[in-house]
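Subject: Structure handover

Hi,

Here is the structure I promised to pass on to you. Have a look at it first, and then read my notes underneath.

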Amino acid sequence: MHIDWAALGSVFGVSLVATVALVGLFTLGIVGLSKRESATAAGTSAALAVTAAYACFAACAAAVAYGIYLIVA
């Protein structure tokens, strides 16, 4: 049995980068939604923060859907 260490390292690296990127995007979405609540308490508008939060969540959903597509196809 032969293990291709270069391919294994490549898969590990891509998986690590993708995981960190998805967690970062999701965190930005949560921060955007928390800005909405603090802006509502202050009486100001947080339309940009909410829009950015929804865009982050949509990007996360798109990345997950693409991953599922790659696995199924």
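Below is what I found, starting with the whole chain and then going along it.

First, a caution: this is a predicted model, so please read everything here in that light.

**The whole chain**

The fold is quick to describe, with 2 helices and 0 strands. As for overall dimensions, the C-alpha atoms fill a box of roughly 65 × 25 × 15 Å along the principal axes. The radius of gyration is 18 Å, whereas a compact globule of 73 residues would come out near 11 Å. Of those 73 residues, 11% are buried. The accessible surface adds up to about 5600 Å², and carbon and sulfur atoms account for 76% of that.

**The start of the chain**

Met1 sits in the segment before helix H1, which runs over 5–42. Together with Ile3, Trp5 and Leu8, Met1 forms a nonpolar patch on the surface, and the four share about 560 Å² of accessible area.

Asp4 is also placed in the segment before H1. Is Asp4 buried or exposed? Neither quite fits: its relative accessibility is 46%, so Asp4 counts as partly exposed, a class that lies between under 20% (buried) and over 50% (exposed). From Asp4 to Ala52 there are 48 residues along the chain, and their C-alpha atoms are separated by 41 Å.

**Helix H1**

I checked H1 for length. Its 38 residues should span 56 Å at 1.5 Å a residue, and the C-alpha atoms at its ends are 55 Å apart, so the two values agree.

Which residues of H1 are buried? They are Gly29, Gly32 and Ala39, and these pack against helix H2, residues 47–72.

Val14 is another residue in H1, but this one counts as exposed because its relative accessibility is 55%, above the 50% cut-off. Val14 and Arg36 are 22 residues apart in sequence, with 33 Å between their C-alpha atoms.

Just after H1 comes Gly43, which takes a positive phi of about 85°.

**Helix H2**

The same length check works for H2. With 26 residues at 1.5 Å each, H2 should span 38 Å; its end C-alpha atoms are 37 Å apart, so this agrees too.

The buried residues here are Val50, Ala53, Cys56 and Cys60. What do they pack against? Their partner is H1. A general point helps when you look at this list: an α-helix has 3.6 residues a turn, so residues three or four places apart point the same way.

Ala61 belongs to H2 as well. Its relative accessible area is 46%, so Ala61 is partly exposed. Ala61 and Phe26 are 35 residues apart along the chain, yet 9.7 Å separates their C-alpha atoms.

If you want a place to begin on screen, try the buried residues of H1, which pack against H2, and then turn to the nonpolar surface patch that includes Met1 and Trp5.

Cheers

Terms used:
Residues numbered from 1 in each chain as written. Predicted model: local features only at pLDDT ≥ 70, side-chain atom pairs only at ≥ 80, totals over all residues. Heavy atoms only, no water. Patch = residues over 30% accessible without salt bridge, like charges linked within 9 Å, V, L, I, M, F, W, Y side chains within 5 Å. Areas by Shrake-Rupley, 256 points an atom, 1.4 Å probe, with all protein chains shown as cover. Salt bridge = Lys/Arg side-chain N within 4 Å of Asp/Glu carboxyl O. Helix = DSSP H or I, 4+ residues; strand = E, 2+ residues; numbered from the N terminus. Expected span 1.5 Å × (residues − 1). Buried < 20%, exposed > 50% of the residue type's maximum accessible area, 1.4 Å probe, protein only. Contact = heavy atoms within 4.5 Å. Rg over C-alpha atoms; globule rule 2.2 N^0.38 Å.
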